[in-house]
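I opened this notebook to record, entry by entry, what I looked up in the structure. The order follows my own reading, from one loop to the chain contact, the ligand and the domains.

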Amino acid sequence: MKNLTFVVNEKEHTLEINPDEMLSDVLRYRLGLTGTKVSCGEAECGACTVLVDGDPILSCNYPAVKARGKHITTIEGLSEGEELHPLQEAFIKHGAVQCGFCTPGQIVTAAALLNEKPDPTDEDIEYALNDTLCRCGTYPMIINAIHAAADKINQGKLIEYPSFDFGGGHDVVGQVVPRPEAKEKVTGEAIYTDDISFPDMLYGATLRAGVPHGRVKTLDISKARELPGVQAVLTAEDIPGRLNHGLIIQDWPALVGVGQKVRYVGDAIAIVAADTQDIARQALDLIEVDIEPLPAVTDPVDAYKEDAPLVHESGNLLKHIKVNKGDIQKGFQEAEVVFEDTFYTPTYEHAFMEPECSIARVLEDGKVEVYVGSQIPYSDRDQVAEALGVPYHKVRVKGPLVGGGFGGKEDIVGQIHAALLANATGKPVKILYDRHESLLVHPKRHATQITVKLGLKKDGTLTAAQTELYGDTGAYASLGAKVMGRATTHSTGPYVVPNVKIDCYAMYTNNPPAGAFRGFGAFQAAFAIENMMDRVAEALDIDPIELRRKNALREGSITNTGQVLHDSVGLVECIDKTAQAVMKITAGEDPFLSRAVPGEPNKRRAWGFSVTFKNTGLGEGAPDNASAEIEILVDGRVETRISSAEIGQGLVTVLQQITAEELKLPLEQVNIYLSDTDLTPDGGPTTGSRQTYISGNAAKFAAITLRNKILSTLSEKYNLPPDEIILDKGLVHVNGRKLTFAEVRSLMKEEGHEPKLLYEYKSPETTPLGEPGDKHFAYSFAAQAVEVEVDLVTGEVRVVRAVGTTDVGKAINPLGLQGQTEGGLIMGIGHALTEEFIVEDGQVFTDYLSRYRMPSIHHVPDEIQVMIVEDPTSDGPYGGKGVGEISTMPVPPAIVNAIYNACGVRMNRIPVDQDWLAGEIAKEGR
Amino acid sequence: MNHFQEYLQPKSIEEALNDLSSATGSVAVIAGGTDLLLELRQGRHPAIERLVDVSGIDSLRDVRVEGDHIYLGAGVTHKEIISNPLLGEHARCVVEGCGLIGGPQVRNVATIGGNVAHALPAGDGTISLLALDTEVQLATAEGTSWEPLIEIFRGPGEVNFDRKKVLIAGFRFRTKDEKEGSAFQRVMRPQGVAIAILNMAAWLKIGPDGEIERTRISCGPAGPKPFRAYQTEKFLAGKKWDDGVYQQAAEILGGEVSLRTSAHRATKEYRHKLLPVLLQKVIEKAIHRANL
Ligand SMILES: Cc1cc2nc3c(=O)[nH]c(=O)nc-3n(C[C@H](O)[C@H](O)[C@H](O)COP(=O)(O)OP(=O)(O)OC[C@H]3O[C@@H](n4cnc5c(N)ncnc54)[C@H](O)[C@@H]3O)c2cc1C
Ligand code: FES
Ligand code: FES
């Protein structure tokens, strides 16, 4: 123990600290300054940046003793009282805040930049923020925000909201509005799970299998139990309820017991709760476990073979998904040309900036409360209750803010463990994963092998499409069958194909499980089909844009699953807008020709193109509903409550806008309360780009119903026809009087009407594959063009420009839409160029963030154009449909198509391996 | 989690050496900790009982002219290196190399001494210093001594001096004369760890007829230790840089390095392909600067 005296945000502190305590821990857990975030704990991401005597440093790798006598500034110290720092204000107004987990680090790093360079150039910003990562891909907006803040500081210029040429059309819906939770996020007040602590809280840790396949022979926890400070060590025997969990199929043991099998390296064997995290981890080392290794299967195609080792007794085939339309043989007979090729996409990691954290505590009445940043609070509740063997209402799941999810926070990770330990010890228990554990444990994006065979007329008309897909769902089902289902139905692209045959095999292996991830199988499918379409275009000597346009789904088209598209098919418009914008940049020249780069003899540039579509919602017969509760509060604010999760995508904003729109309220008068299974009705999972549509509709109809209730109450009371009662600017005009909502609430109560109601929204019905009817109630469409620069010698690839158009039905929240679209683009660039989750013989190679590189500000293209088509869908709120996923999907195929156009090398897999590419270019002799 | 028990912050070299020699258990020097602390915390380095942090020793943070040399303290951070006008003038390649390390947060704490003492074959600071024919100052209880920097490396991560008895105090290299220039360049892989697939630095002096009078070239990873391309340097001495000379130099360079395939990073063939690319870039940039 050492004494540490230092000044934090102008306030002096003296503390006793351990020599190996990092500054981030001291700030967060000792001083309660939880604005400083820890995302990687390995000096890779910049989230933990604080200023030491004015210089930015990474507090997660800075021994606190070094801070002795120094002045530390954290995000909490940037604002002065209520007065935001210009950077904070600019981040809010420019939408430079999404999930918000990276935001404190971004702002603090930017503040140091502005101190040094008051008027930075784009290059200065890129250099300064190079290692300050944002998985939401907010970089373009961050750059804008920094410039705006600099202008305010230097010239006193007001910071304005950006304007967009989409959206509008209503009072609030379609308007540029700030995120309601943005202020907390820029000041560091925002609370994520790890920012919460309780008195007497214990810390949990989990013993992992470490082998991809094996049987637990013996397990001895006695030594761990004896370690002073250890309060509980639990194994599978201690699970009172159901051993297995799982989102659809319950095949995933919360703990693997003696005699049972481990199926991937991240399987949990035992859990410990101790007074400190250190003790809990030390205790893990004292647990003796003997796992007899079994032969592992780690490739989905191998897993389908007769003699493959069995991951589950039921066999390795999770699901064989089929689609058939027309007559495939006839289709190929009618074809004048046939093309076939096989494509590969790797496993990808969500790398949400906030690692998983769960806190559980047992309340006096025996109810177990779980705090977790989850995408599906109700499913967490149910699964925790089932593991504990208690009725659902004995568990309450509360969701603090979520620092990014992208699909990676749908499954159970620490929730059950924390609840078990809290039950066993009677004390609150926190389980926080470090980045290493997060990388090992949670489900990833499915690696796929996709064979595409297309038959066409020489004029480019598709006559047949046959695809075969293998998806690696890893050790447990998670959402694997659904993900690969979406891969299946999207594998023939957004095209009219009369004859289709698709076979998809979702396979268990001994790799880490795979589940939901932005694009949900459709991402992988897009890479294959859009890569293929460019090859076809070249072989048939048809312009790649024209080929796509010719076959594009339109209103009235029939999809490969037999669905007739009745409305909101903006694909052709997306294609045309994108093509026009590209032609404007190239001044009419063929964008797909390889061009020299002046002054760079080794470099070539060219554009690439791709299109895509993505269903909104669960679809295929799954009931897709959400309930919203709405209430006029005593203070006159209106609160809408839904369990749905805000994971950075902007749901709170959308719900606030919709409620305000329908009740003609100022935004400040609307409160949105999410993710609490006791107080918010079930909004369903935050997945499948469904929340704006489903929860948006629930909120909309709840607000309309409340409005009607207000009108009927008042019209009865004042004996007026309802249409003479006007809601406007937060007031209700009746008989020349202006009632506040607080007064309306009292009136309703007096009249015996509850100023609150529950609305259950049921989405339009869908049908399972193979049955007639609609598979999905809406689809979004997109076209993407990118210009790349390829170094012909080194194989280095850079995205220079990106021009894309998305049909979103209606741009309800333009600022959020811009963020999601640009962020999706950047994630797509990452998937194409920087990311690959490497698993070798079931062992994870990319087990630190330093080995899994997400795109940085450095990867932002020089020019980005986001264009929006608003082709409304009849049942969506204001015509809106999903936007969260589609922006990522067309990017990798557009990039590899562009690379081919630039240097003549076709790529069947991503990410681009520059080493390989350089070799191929050399072979081509270009 | 108990990666170390003691964290000492000596104020002088003597004190630091004493902290090292008085240790009864395992002990190591630490500066910015951007290599060592991470290795410890990720279990890639066995726990160390005592860490001796040299970043608070003022004398290690000096950058000054000493006669016809520049003295660069081992504790100087990359941030200080890239913002120091003296180094901008006399050690462009070092400024370039260190400017590519991490982001500002890393550069604010990571030191040139740490980069060198980490002894990776491709440390960007190390490689750039080698092109300046740098000497290293080693401090022991007996006093200080100067050695050619290239001599202290033994293998990947290994040095020729006793880490428990010796500190790197600083570096020195000659001030830049008329018609001299230097440059640094590297190629990264977008996936995986941020260590260069290949980096290279060059220093050169242009002779009266515009020929390369003398040059020094270093690169990595081109063997188990940071590498000086003596044969290529010798070949280039006295030659005018043109396409033919470039081709020949590239060939000689390709012959004297020993490049390897490293899994998930780069193949040997690819590294060979990059060699001439980097050679051309650093030499031409250095010539350009020398002629300014
Ligand atoms: C995000 C990130 C990016 C990075 N990028 C790069 C990069 O692009 N290129 C690159 O080359 N490196 C990179 N590094 C590695 C690292 O930052 C550098 O090598 C740095 O210069 C190490 O300095 P340090 O002071 O932090 O060393 P430490 O970690 O403190 O020490 C490293 C080693 O040097 C020894 N040591 C330190 N000082 C002395 C001394 N005075 N005498 C004797 N021994 C000493 C220590 O005992 C230890 O063995 C990166 C690191 C991170 C975290
Ligand atoms: S750099 Fe400190 S948390 Fe990532
Ligand atoms: S806003 Fe940057 S990581 Fe989410």
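**Entry 1, a loop residue.** I began with A:Asn9, which I found in the loop between strand 1 (2-8) and strand 2 (11-17) of chain A. The model is a predicted one, and I read each value below as computed from it. I then looked up the partners of A:Asn9 and, leaving aside residues up to four places away in sequence, I listed A:Leu33, A:Ile72, A:Thr73, A:Thr74, A:Glu76 and A:Gly77 as the residues it touches. With one of these, A:Thr74, the side chain of A:Asn9 makes a polar contact, side chain to side chain, at 2.8 Å.

**Entry 2, chain A against chain B.** I next turned to the contact between the chains, to which chain A gives 52 residues and chain B gives 46 residues. The area buried between chain A and chain B comes to about 3900 Å², and carbon and sulfur atoms account for 50% of it. How many salt bridges does the rule find across the interface of chain A and chain B? I noted 3 salt bridges for this interface, and I wrote down the pair A:Lys66 and B:Asp53, whose side chains meet at 3.6 Å, N to O. For polar contacts between chain A and chain B, I recorded 23 residue pairs, with both residues at pLDDT 80 or more.

I also asked which elements of chain A give two or more residues to the side that touches chain B, and I found strand 4 (55-58), helix 3 (103-116), helix 4 (122-128), helix 8 (277-286) and helix 23 (914-924). The largest share of that side, 5 residues, comes from helix 23 of chain A. When I sorted the side of chain A that touches chain B by class, I had 21 nonpolar, 13 polar and 18 charged residues.

**Entry 3, ligand 1.** Where does ligand 1 lie? I located ligand 1 between chains A and B, with 32 residues surrounding it, of which B:Val29, B:Thr34, B:Asp35, B:Thr111 and B:Asp124 are the closest. I then looked up individual atom pairs: an oxygen atom of ligand 1 is 2.7 Å from a polar backbone atom of B:Leu36, and an oxygen atom of ligand 1 lies 2.8 Å from a polar side-chain atom of B:Arg186. For B:Gly102, I noted a backbone N or O atom at 3.3 Å from a nitrogen atom of ligand 1.

**Entry 4, domains of chain B.** The domain assignment divides chain B into domain 1 (4-53), domain 2 (58-174) and domain 3 (180-290). I followed the pair formed by domain 1 and domain 2 of chain B, whose centres, taken over C-alpha atoms, are separated by 19 Å. In this pair, 14 residues of domain 1 are in contact with 18 residues of domain 2, and the two domains bury about 1100 Å² between them, 68% of it on carbon and sulfur atoms. B:Ile13, B:Leu17 and B:Thr34 supply 41% of the area that domain 1 buries against domain 2, more than any other three residues.

Between domain 1 and domain 2 of chain B, I recorded 0 salt bridges by the rule and 2 residue pairs in polar contact, both residues at pLDDT 80 or more. On the side of domain 1 that touches domain 2, helix 1 (13-21) and strand 2 (27-30) of chain B each supply at least two residues, and helix 1 gives the largest share, 5 residues. My last note on this side of domain 1 is its division into 7 nonpolar, 4 polar and 3 charged residues.

Definitions and conventions. Residues are numbered from 1 along each chain as its sequence is written. Chains are lettered from A and ligands numbered from 1 in the order in which they are written. This is a predicted model: local features need pLDDT of at least 70, side-chain atom pairs count only at pLDDT 80 or more; totals for chains, interfaces and linings use all residues. Side-chain values use heavy atoms; hydrogens and water are left out. Domain bounds come from an automatic or database domain assignment. Contact means heavy atoms within 4.5 Å. Buried area is the accessible area (1.4 Å probe) that two parts lose on being put together, summed over both. A salt bridge is a side-chain nitrogen of Lys or Arg within 4 Å of a carboxyl oxygen of Asp or Glu. A polar contact is a pair of N or O atoms within 3.5 Å; within protein, one must be able to donate a hydrogen and the other to accept it, and residues adjacent in sequence count only if both atoms are side-chain atoms. Helices (H or I, at least four residues) and strands (E, at least two) are DSSP runs, numbered from the N terminus. Ala, Val, Leu, Ile, Met, Phe, Trp, Tyr, Cys and Pro count as nonpolar, Asp, Glu, Lys and Arg as charged, and the others, Gly among them, as polar. A residue is near a molecule or strand if one of its heavy atoms lies within 4 Å of it.
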